[in-house]
Amino acid sequence: MKDYYQHVKNHLLELDYDISHENTAEGLFVIQKESYGIKNLIIGVAPPIVILEQFIFDIKTSSIEILQSLLIKNRDIIHGAFVLNDDGSKVIFRDTLQIENLDQNELEASLNSLSLLLSEYSEHIINFSKQ
């Protein structure tokens, strides 16, 4: 059986991401690449998928306008999407990838999608986090 955890780790290191925390038993990484706007991105290796989650902001007040804006923006996101946590209090970027044939370009595309989203939508995110 393929060591998927090590496979994902090798891709992250090749892409020059800083692994600030890892838990092999649980299949988790926490990675950083602040020059790309990525900080404390959680990657879970859970065959048959890899899950990427990045906390974006807390929702202080439920606002139809904020949620509607996030849903509209989801249409523009190349890989992944904005989602809410289980109790609806946090906005998270989430993407899932199939692990069986995961290659470096595919993982990089998901990470680049998040980086692009954060750079082009940062003013909205900041404003939403203040509401």
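These legends walk through several close-up views of a predicted model.

**View 1. How confident the prediction is along the chain.** Across the whole chain the pLDDT averages 94, and 99% of the residues score at least 70. Compare the elements, and strand β1 comes out with the highest mean, 98, while helix α4 (residues 122-130) has the lowest, 91. It's handy to keep a general caution in mind: where pLDDT is low, the predicted coordinates should not be read in detail.

**View 2. The turn from β3 to β4, with its cis peptide bond.** Here strand β3 (38-46) leads into strand β4 (49-58), and Pro-48 sits in the loop between them. That hairpin connection takes two residues. Look at the bond joining Pro-47 and Pro-48: this peptide bond is cis, with omega at about 20 degrees. For background, most peptide bonds are trans. The two strands run antiparallel and are held by five bridges. One pairing to pick out is Ile-43 with its bridge partner Leu-52 in β4.

**View 3. β4 alongside β6.** Strand β4 also pairs with strand β6 (residues 90-98), again in the antiparallel sense, and nine bridges connect the two. To find your way around, start at Val-50, which stands opposite Leu-97 of β6.

**View 4. Two salt bridges between β4 and β6.** Salt bridges in this model come to six, and this close-up takes in a couple of them. In one, Glu-53 meets Arg-94, with the closest N and O atoms 2.4 Å apart. Glu-53 belongs to strand β4 and Arg-94 to strand β6, so this pair ties together parts of the chain that are 41 residues apart in sequence. Both ends are partly exposed: Glu-53 has a relative accessibility of 25%, and Arg-94 has 29%. Then there's Asp-58 with Lys-90, where the closest N and O atoms are 2.7 Å apart. Asp-58 is in strand β4 and Lys-90 in strand β6, so the pair ties together parts 32 residues apart in sequence. Asp-58 is partly exposed at 33%, and Lys-90 is partly exposed too, at 32%.

**View 5. A salt-bridge network around Lys-73.** Now over to the helices, where Glu-120 forms a salt bridge with Lys-73, the closest N and O atoms being 2.8 Å apart. Glu-120 is in helix α3 (residues 104-120) and Lys-73 in helix α2 (residues 64-74), so to speak distant parts of the chain, 47 residues apart. The surroundings of the partners are worth a look: Lys-73 counts as buried, at 11% relative accessibility, whereas Glu-120 is partly exposed at 46%. Asp-76 joins in as well, linked with Lys-73 and Glu-120 in a network of salt bridges.

**View 6. Two residues with positive phi.** As a rule, most residues other than glycine have a negative phi. Asp-16 isn't a glycine, yet its phi is positive, about 65 degrees. You'll find Asp-16 in the loop between helix α1 (4-14) and strand β1 (18-23). With 58% relative accessibility, Asp-16 counts as exposed. Asn-40 also has a positive phi, near 60 degrees, in a residue other than glycine. Asn-40, though, has its place in strand β3. The relative accessible area of Asn-40 is 43%, so this residue is partly exposed.

Terms used:
Residues are numbered from 1 along each chain as its sequence is written. This is a predicted model: local features need pLDDT of at least 70, side-chain atom pairs count only at pLDDT 80 or more; totals for chains, interfaces and linings use all residues. Side-chain values use heavy atoms; hydrogens and water are left out. Helices (H or I, at least four residues) and strands (E, at least two) are DSSP runs, numbered from the N terminus. Buried means under 20% relative accessible area, exposed over 50%, partly exposed in between (1.4 Å probe, protein chains only). pLDDT is the predictor's confidence in each residue, from 0 to 100. Two strands pair if DSSP finds at least two bridges between them. A salt bridge is a side-chain nitrogen of Lys or Arg within 4 Å of a carboxyl oxygen of Asp or Glu.
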